[in-house]
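The following exercises concern the structure shown below. Each task is followed by a solution set out in steps.

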Amino acid sequence: MMWPFEEAQNSFKTGEDRSPYTSSPHDLLINTGPEGFSPKSISPSIDSPQNLASNIDLAKMERSLHFSLLFLLLSLLVLSPLARSDLVLSRVERRIDLSSHIVRVLTSLKVENAGPKSASEVLLSFPSTQAENLAAIRTFYTESKNKGSTLLLPTEITESVKGAPSNLTFYSIILPKKLDKGKTVNLDVLSVFTHSLKPFPEEITQSEPQLVVYTDSVYYTSPYVVKSQVLSFRVPGRVESYTKYPNVKQVESELRYGPFEEQKPFAVSPVMVHFENNNPFVVASELVREIEVSHWGNVQVTEQYSLFHGGASLKNGFSRLDYQARQYVRGGVSSFKNLIARLPPRAHSIYYRDEIGNISTSHLWGDSKRTQLEIEPRFPLFGGWKTTFTIGYSLPLNDFLFESENGKRELNITYGCPIDETLVEKLIVKVVLPEGSKDISVSTPFPTKQSEEVKYAHLDIVGRPVVVLEKDNVTPEHNLYFQVKYGFNNLSLLTEPLMLIVGFFLLFATCIVYMHTDMAISKSSSSYLAKLQWDEVHATVQRVEKIFHQYLSVHDRLAASLRELSRTGDVQHCKAARKAADAQFKELAKELRPWLTFLQSCPQASAILSKIDELVVKEKEMQEKEIARHTTVTDSFEKKQSGKEIENKIALQEQKLAALRKEVEALLEVISEF
């Protein structure tokens, strides 16, 4: 039997997709066994001690599914006569490809009109739980007389058939022309399902292979009578067990059921396949693709991935040593350590990095027809493990941007994920157009949620318009071309160069003006003279302050001479110290006089002049008190008076000197803050 999935997928990418889509993962619908056939006949084809436990659990799963769907079978049997139609399915051939975690079902229908009236549409029915996992659907039409003519027909969700079970979802195929009485038409329906393979067991060790379960109905669920039908499964590995029917056989990696003859509308019977599937279960919880168009000859694409392994979870931890030792003998067989991204031809400036930085474990092959990037995450991914990374590359503008007949620009680029066999639960495509773009329109081959936003970059004034396209449950079948048309004035290309030219011109002009302008203050101006006078006043005040500090030093030396007198009794030495101090007082007074005269004549010194005058008065009084105390002490020593008598004589003088000293020091602090 030929498996034409590749041909169907190629045809899938040539037409317009109008099918609805959802993204919630649910189990596929199954029901009880065929008439006269007991559910007990569903038994594993392989019985071994190591698989005994899993087979018992599998049998429990089957029994629970049978009982939960028993009511559905009864409702179908009661309501099936109400849903019959004049159309008859002469032959149905279903080919279910289970080689990936994305399930693809190619159904070949030969439809015959057995009624008196012409028919313009054909209905497809899916259990609602199965329809929720339907990511994409395409119908190909082939006329009986012309086998080579194939058309892609619109397939849209429609209302439920009157009298049909409520838990069925219907799709309508619009025929290109009415089907008259006795005529036949050949249809090929390609359905793509996600989240339909369930890991069983749900947890495996590092060295164990991954087993999955797929459930469906062995009969084609249809609102029409099916005269003859066959079913076949293609599996990628060893079959652990499967539902046994009298007319089933296994040929290598293929299971064949049928033919089944004369089935009533909505006939169902469960079928379950338990098999080994170690292919990468690559799931992107979110993928953000930013496509930035630059009319300077480049299209920059940035893709931000949040990936995880959607297969059986890893139990008992991860051993790097065991993984490295057994990587060539099925060690970590259910994991994946590399991915293949098929980029557009002539892609260049490619990078691959994550939050840490650049990742060097990547390989690139390319020619004029294709570009293939092999990337390796920093660690192998087992079931439930996650990783994030970014891929970026540039594309030639001429390959993707064209000018339409009405003068608009048209961007023609692919929508989906470039990594092989990747399910994207949420895909966000952002098309960043040049600033100044207007009259934007988008054409996509399938429904998407559209919105607009604005992005600001260097030299932008009003920002760049961004078209945002969102879609859930995206598979490789959605990697189709979409178009973004927009109007753009070529003069807008000159905006940024002119801004740079004007900016540099103003910069150089400012530098020239600055270099030829004397920014110094004129020496003849009043402000300059006032500043000079203020600086001179400030310097004079500092000199006055310094002189008064010298006054205090002289006072300290006189006090020290009295202490020396009380220790040695040398009166002559003490008198000499007083004479020297008196001479220093006169010299300092002489040095202070011109500075005081200058300050008195300067208007800027009026604020501090009163403090300086007060300081001069206090200093003179302090000198008189200091000389008087010194004279009293020396005279008392010459008269041989006792120390007690001397202290009584100078006690009042010392109190006044201490008070004056504090006042002088306080005034000096005020002057120093000026």
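The expected span of a helix is 1.5 Å times one less than its number of residues. The model to which this rule is applied here is a predicted one.

**Exercise 1. Helix α7 and its surroundings**

Compare the expected span of helix α7 with the distance between its end C-alpha atoms, and determine how α7 is oriented relative to α8.

Solution.
- Step 1. Helix α7 covers residues 526-568, which amounts to 43 residues.
- Step 2. At 1.5 Å a residue, a span of 63 Å is expected for α7.
- Step 3. The end C-alpha atoms of α7 are 63 Å apart, in agreement with the expected span.
- Step 4. After α7 comes glycine 569, with a positive phi near 75°.
- Step 5. Helix α8 comprises residues 571-601; its axis and that of α7 come within 10 Å and cross at roughly 170°.
- Step 6. Angles over 145 degrees count as roughly antiparallel, and α7 is therefore roughly antiparallel to α8.
- Step 7. The contact of α7 with α8 comprises 21 nonpolar, five polar and five charged residues.

**Exercise 2. The largest cavity**

State how many cavities of 30 Å³ or more the structure holds, and describe the lining of the largest cavity.

Solution.
- Step 1. There are three cavities of 30 Å³ or more.
- Step 2. The largest cavity contains about 210 Å³ of space.
- Step 3. Its lining consists of 18 residues, and those nearest the centre are Arg94, Ser125, Phe126, Gln130 and Tyr220.
- Step 4. By class, the lining of the largest cavity has 10 nonpolar, six polar and two charged residues.
- Step 5. At least two lining residues come from each of β2 (103-113), β3 (119-127), β8 (184-193) and β11 (211-217).
- Step 6. Strand β3 provides the largest share of this lining, namely four residues.

**Exercise 3. Two open sheets**

Give the strand order of the sheet that contains β3 and of the sheet of seven strands, and identify the edge strands of each.

Solution.
- Step 1. Strand β3 belongs to an open sheet of three strands, ordered β3-β7-β6 and paired antiparallel.
- Step 2. Since β3 and β6 (155-158) each have a single partner strand, they stand at the edges, and one side of each is left without a neighbour in the sheet.
- Step 3. In this sheet, neighbouring strands are turned by 35° against each other on average, direction ignored.
- Step 4. Eight bridges join β3 to β7 (residues 168-179) in the antiparallel sense; phenylalanine 126 has threonine 169 of β7 as its bridge partner.
- Step 5. The sheet of seven strands is also open, has mixed pairing and follows the order β21-β24-β18-β17-β27-β30-β29.
- Step 6. Its edge strands, β21 (348-353) and β29 (449-455), each pair on one side only.
- Step 7. On average, neighbouring strands of the seven-stranded sheet are turned by 15° against each other, direction ignored.
- Step 8. Within it, β18 (residues 298-309) and β24 (residues 386-396) run antiparallel and are joined by 11 bridges; asparagine 298 stands opposite proline 396 in β24.

**Exercise 4. Backbone geometry**

Locate proline 201 and proline 259, and describe the peptide bond that precedes each.

Solution.
- Step 1. Proline 201 lies in the loop between β9 (198-199) and β10 (203-204); the bond from phenylalanine 200 to proline 201 is cis, with omega near 10°.
- Step 2. Proline 259 belongs to strand β15 (residues 254-263); the bond from glycine 258 to proline 259 is cis, with omega near 10°.
- Step 3. Strand β15 also contains glutamate 262, a residue other than glycine with a positive phi, near 50°.

Note on methods:
Residues are numbered from 1 along each chain as its sequence is written. This is a predicted model: local features need pLDDT of at least 70, side-chain atom pairs count only at pLDDT 80 or more; totals for chains, interfaces and linings use all residues. Side-chain values use heavy atoms; hydrogens and water are left out. On a 1 Å grid over the protein atoms alone, a cavity is a set of points where a 1.4 Å probe fits but cannot get out, and a pocket is an open set with protein on both sides within 12 Å along at least five of seven lines; lining residues have an atom within 4 Å of a point. Grid points are joined across faces, edges and corners, and a volume is the space filled by probe spheres set on the points. Ala, Val, Leu, Ile, Met, Phe, Trp, Tyr, Cys and Pro count as nonpolar, Asp, Glu, Lys and Arg as charged, and the others, Gly among them, as polar. Axes are lines fitted to C-alpha atoms, for helices over the stretch in contact, and angles run from 0 to 180 degrees between N-to-C directions. Angles under 35 degrees count as roughly parallel, over 145 as roughly antiparallel, 65 to 115 as roughly perpendicular and the rest as oblique. Two strands pair if DSSP finds at least two bridges between them.
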